[in-house]
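User: I'd like a close look at one part of this model: the binding site named in the UniProt record, along with the packing behind it. Please walk me through it in one go.

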Amino acid sequence: MLTCTIRSLRPRGSSTCLRRGVARSAARFTGTSTNSTSSRSEDSSSGKGARISGEIGRNLGRSYLYVPSTAERMLEKSLTTPSDVIIYDLEDSVPPSPANKNSARARLAHFLSSRAGSLLSPERIAMRLNSNATPFFAEDIIQAMRLPCVRTLVLPKVHSAQDLHHVSEEIYFAYRAHKFRSPDDPPVQLVASIESAKAMYNLGEIASWQSSWGAAAGGKLVALLFAAEDYCADTGIIRTTSRQELLYTRSHIVVTAKAFGLGAIDMVCVNYKDPEYLRDECADGRRLGFTGKQAIHPIQVDTIQSTFVPTSKEILRAAKILEQMKKAHLSNRGAAGLELEGGGIEMIDAPMIKQAENVVRTARAAGLPIPDVA
């Protein structure tokens with residue numbers, strides 16, 4: 001990942017090194033080169049620019065579409081959805097009786113094991129299990145571990161790090177005792193669903209959790225997911241269309257996730273037949289820092305995925321910042337001015353480079369054009 005944590009890493013008296021580093025960072029993103037030393041030439045020839053270009057088409061994790069495992073028709077339809085991630089659901093969308101839970105699990109297992117030639121890539125497949133406090137969990141996780149195409153598990157009702165430890169223990173036994181998978185396979189990715197006051201109280205503990213058996217054998221936490229309806233039911237919070245009552249909770253989840261290098265997945269928009277409200281809620285979530293959003297209907301996917309990427313104005317501004325700062329540092333200056341659309345000049349300096357890099361990186365990964373501002 002290309003970052004520029006300048007203020008935290010800068011030793012006193014290192015302004016020349018700082019300017020060179022920032023110019024080099026800006027050049028990587030704008031596709032130009034700085035005056036080369038041999039090490040810089042090696043950076044260019046070793047493919048750092050190619051590495052960024054190669055991110056085009058990677059899974060951005062913008063939309064997470066739930067697909068009930070209750071009907072074959074819905075499972076088949078999932079193969080044609082453009083959603084970045086499909087969450088095959090064994091929990092809330094399945095009636096709570098043992099017969100329904102067992103048939104849904106068997107149906108999903110047969111579907112995933114018999115569609116080898118037409119399945120989505122494993123990076124796009126997730127399975128939501130029943131809570132580890134239910135009698136269905138043990139069979140759910142054994143079945144999930146039998147399916148190598150399932151690399152991500154969404155874990156409902158994670159109230160503490162102990163819940164993650166319990167799941168990790170089952171993953172470890174699946175590797176060691178049942179031999180369902182090889183530890184050489186990619187680690188099982190875990191998404192913790194935050195649904196209660198207790199989970200919020202323990203959020204730092206949850207986000208910092210690591211498996212006692214290591215990521216390869218016990219799974220790796222990759223994201224926090226906000227389950228707003230469950231959370232409101234637990235806390236007594238009354239939902240409104242303003243979302244103001246959830247501002248603290250959503251912000252806290254984002255900040256905690258970012259503190260530990262995790263993704264942050266925003267709540268479901270339950271009013272799925274109002275596209276304008278969905279777009280507004282998506283934009284709100286992106287402003288708060290969420291990296292993606294849950295969907296409960298295929299018609300929500302395009303809006304979510306088109307919102308959780310930089311706008312053309314944001315991309316243009318980011319490209320200008322990187323170009324201006326590259327020129328500023330080559331001229332031995334630590335800041336530069338950026339002309340604003342409505343008039344005036346905005347002062348830009350080192351912290352804004354990281355923001356601009358993030359915008360350009362995401363845009364390239366989404367296949368969006370980066371304007372030439374040189």
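Analyst: Let's start with the term nonpolar core, which is a set of buried Ala, Val, Leu, Ile, Met, Phe, Trp, Tyr and Cys residues joined through side-chain atoms within 4.5 Å. Buried here is under 20% relative accessible area, exposed is over 50% and partly exposed is in between, using a 1.4 Å probe on protein chains only. Keep in mind that this is a predicted model, where local features need pLDDT of at least 70 and side-chain atom pairs need pLDDT 80 or more, while totals for chains, interfaces and linings use all residues. Residues are numbered from 1 along each chain as its sequence is written, and side-chain values use heavy atoms, with hydrogens and water left out.

Some background before zooming in. The protein has 17 helices and 10 strands, taken as DSSP runs numbered from the N terminus (helices are H or I with at least four residues, strands are E with at least two). Of its 374 residues, 47% are buried. Take the contacts (heavy atoms within 4.5 Å) between residues at least 6 apart in sequence: 70% of them join residues at least 24 apart.

Now the site. An unreviewed UniProt entry puts a "binding site" at Arg128 and Glu195. These two span 68 residues of sequence, yet they cluster in space, with a largest C-alpha distance of 14.1 Å. Both Arg128 and Glu195 belong to the lining of the second largest pocket. A pocket, on a 1 Å grid over the protein atoms alone, is an open set of points where a 1.4 Å probe fits, with protein on both sides within 12 Å along at least five of seven lines; lining residues have an atom within 4 Å of a point. The entry also places a "binding site" at Glu195 and Asp230. That pair is spread over 36 residues of sequence, but the largest C-alpha distance is 5.3 Å. Glu195 and Asp230 likewise help line the second largest pocket. One caveat: UniProt positions follow the numbering used here, feature names are shortened, and annotations may be inferred rather than shown by experiment.

Take Arg128 to begin with. You'll find it in strand E3, residues 125–128. Arg128 counts as buried because its relative accessibility is 11%. Leaving out neighbours within four places in sequence, Arg128 has contacts with Tyr66, Val154 and Pro156, plus a run made up of Ile87, Tyr88, Asp89, Leu90, Glu91, Asp92 and Ser93. From that run, Asp89 has a side chain joined to the side chain of Arg128 by a polar contact of 2.7 Å. Polar contact here is a pair of N or O atoms within 3.5 Å, one able to donate a hydrogen and the other to accept it; residues adjacent in sequence count only if both atoms are side-chain atoms.

Glu195 sits in the loop between strand E5 (189–194) and helix H9 (197–201). Its relative accessible area is 4%, so Glu195 is buried. Beyond four places in sequence, Glu195 touches Pro156, Lys157, Ala227, Asp230, Tyr231 and Asp234. The Glu195 side chain also reaches the backbone nitrogen of Lys157 at 3.1 Å. Pro156 is worth a second look: this residue is in contact with Arg128 and with Glu195.

Asp230 is in helix H12, residues 228–235. It counts as partly exposed because its relative accessibility is 27%. Apart from residues up to four places away, Asp230 touches Asp92, Lys157 and Glu195. So far as shared partners go, Asp92 is in contact with Arg128 too, and Lys157 is on the Glu195 list.

Step back from the pocket and you reach the packing. The largest nonpolar core has 65 residues, and those with the most contacts inside it are Tyr88, Leu112, Met127, Leu153, Ile171, Leu190 and Leu224. H8 contributes the most, six residues. Met127, within E3's stretch of 125–128, is in contact with Ile87, Tyr88, Leu90, Leu108, Leu112, Ala144, Leu147, Val150, Thr152, Leu153 and Val154, ignoring neighbours within four places. Tyr88 turns up on the Arg128 list as well.

Helix H7 (137–146) is mostly covered, with seven of its 10 residues buried. Those are Phe137, Asp140, Ile141, Ile142, Gln143, Ala144 and Met145. Their cover includes helix H6 (98–114), E3, strand E4 (152–155) and helix H8 (161–176).
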